[in-house]
Amino acid sequence: MRPVCRLIAALLCLNAGGCASAQVPRTAVRTGIDVLEAGGFRTLAGKRVGLITNPTGVTADLRSTVDVLHKAPGVRLAALYGPEHGIRGDIHAGDHVADSTDAPTGLPVHSLYGPTRKPTPAMLEGIDVLVFDIQDIGARSYTFISTMALAMEAAAEQGIAFVVLDRPNPLTGQRIEGSPLDLKFKSFVGHLPIPYLHGLTVGELAGMTNASGWLAGGARCDLTVVPMRGWKRRMWFDQTGLPWVPTSPHIPRADTAMFYAATGIMGELQVVGEGVGYTLPFELAGAAFIDPFAFAAELNGRRLPGVIFRPLFYRPYYLRDVGTRYGGVQLHITDRDRVDLTGLQFQVMDVVRRMYPDRPLFGTRRDDMFDKVCGTDRIRRMFLEGKSVSEILALWHAGREAFRQARRPYLLYD
C-alpha cells in the first residue's frame, strides 16, 4: 500500500467478466470513473458527495460523471464545483464561471474560477467527500491541476475526504520537460513546484502534492485515488482506446496537447501567434511581419529532431475584418518520442529575434504572464541578454532529472 494514498485493490482485480454494471466499449484503458462504477461505487457509498468536474469527466461510453454519480445507488451527489470553462463547458477560456444551478440535475454549482478559486467552508457545508474527475493535458500551466491542489487544501482544512478518479496523461507518463517552478512565480497558471511537463497522472500528482508538503501550511488531506486499469506510462492518449473530449475550446484533439506544450508559452507574449483563433490552435507560429518561406528555411536548417516546419499564410478570426494575414509555419511532429516539445517555442523565438531584431519579443504588459507560465524570469532575461538558445534550453531543462527521481515513490503505474 503506497504511503500517499489508498489504492482500491478490489477494483484493480476486476476482469473482463467481472461485476461491471454498465456496458462500456472495449478499450485498452479504464479510467477512474469506470473502475468506480464497476466496483459498485463502494468508495462513495452512503456519503454526501461534492464533484469537481467538467465535460471531460465521462465514462468510456461518454456518459457524464455528473449524471453517473447523480443516479448511482447509495451515493448522494449534493453539489457541483465548476473549474475554468464550467461544469458543462459553456464558458470561454479566461472568463469567470458564475455560481448557478445545473439544469439536467438541479444541483447547485459553485464556481472555482471567479473571485473564489478555492472552495470556501460555506461551499463545503454538509459535504463528506470531494471527488475530482477532470482530464488534464500534462502541462503545469493548465489550470485544472491548480484547482485540484486548492480543493485538496480546502478538504484538509475542513476534514473532508478527497477522491481523485484518475485519467491518463495524454503526453505519456514518461515525458518531463522544463525546470520545476520557482515558487516566487507561483500563480494559478503555475501553482506547484513541478516541471512544465511533469509526466504524472492527476492521481499521481495529487499523491505527490499531498505527501510533499505542497498544500498550504504543509497540510494533508484524506486522499484516495481510484486508479485506472490498463494504463502504461509509455502510452500516448491515442493508444488508450478512450474517446477524447476537448479539455477546452482550443484543445479539440488529444494531440493538441503536444502543440500546447510546443507553443503555448510563446503565445503568452502575443508577439508571435500560436494559431489560437485559427483552425490549428497551437500548431502554428506566425505574425504579419514574418516571411514564411525564409522563416521555415531557418527553422528547418536547425535539423531539430522530430519536427518539420511547413511555411504557410493564414488569417486568425480576429483579423478577418482588417485584411491582415499572417505568415509563418505549421509544426508537423514527425517523431513524438524524440521531439523536445517545449523547446520548440524557444527555437522559434530565437529565430524571430535574429531575423526580425526590430520586432522585440519583450517589453509589453505580457512579460509578467510569460514569466509566470515559465515559472521563472530567467528565460526572459537570458533572451534579453542575448544568450544562445542552447544556453536557454540548458537552463530550461535544469532539474528535471532530479524531479524524475523525486516522483518515483508516487507512481501508481508500471
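## Exercises on helix H5 and a three-stranded sheet

In helix H5, the buried residues (under 20% relative accessible area with a 1.4 Å probe, protein chains only) are Val202, Gly203, Glu204, Leu205, Ala206, Gly207, Met208, Thr209 and Asn210. The model is predicted, so local features need pLDDT of at least 70 and side-chain atom pairs count only at pLDDT 80 or more, whereas totals for chains, interfaces and linings use all residues. Residues are numbered from 1 along each chain as its sequence is written, and side-chain values use heavy atoms, with hydrogens and water left out.

**Exercise 1.** Determine how many residues of H5 are buried and which elements they pack against.

*Solution.* Step 1: helices are DSSP runs of H or I with at least four residues, and strands are runs of E with at least two, numbered from the N terminus. Step 2: nine of the 10 residues of H5 are buried, and the helix is mostly covered. Step 3: these buried residues pack against strand S6 (129–133), H4, strand S7 (161–165), strand S8 (222–226) and helix H12 (400–406). Step 4: just after H5, Gly213 has a positive phi of about 75 degrees.

**Exercise 2.** Describe the packing of H4 and H5.

*Solution.* Step 1: helix H4 (residues 144–158) meets helix H5 (residues 202–211) at an angle of about 45 degrees, and their axes are 11 Å apart. Axes are lines fitted to C-alpha atoms, for helices over the stretch in contact, and angles run from 0 to 180 degrees between N-to-C directions. Step 2: H4 is therefore oblique to H5; angles under 35 degrees count as roughly parallel, over 145 as roughly antiparallel, 65 to 115 as roughly perpendicular and the rest as oblique. Step 3: Ile145, Met148 and Met152 of H4 make the contact (heavy atoms within 4.5 Å) with Val202, Leu205, Ala206, Thr209 and Asn210 of H5.

**Exercise 3.** State the strand order of the open sheet and identify its edge strands.

*Solution.* Step 1: the three strands follow the order S9-S11-S10 with antiparallel pairing, where two strands pair if DSSP finds at least two bridges between them. Step 2: strand S9 (284–287) and strand S10 (307–314) are the edges, each pairing on one side only. Step 3: from one strand to the next, the twist averages 20 degrees. Step 4: eight bridges join S10 and strand S11 (residues 326–333) in the antiparallel sense. Step 5: helix H7 (residues 292–300) packs on the sheet and touches S9, S10 and S11, and its direction makes about 170 degrees with that of S10.

Notes
Buried < 20%, exposed > 50% of the residue type's maximum accessible area, 1.4 Å probe, protein only.
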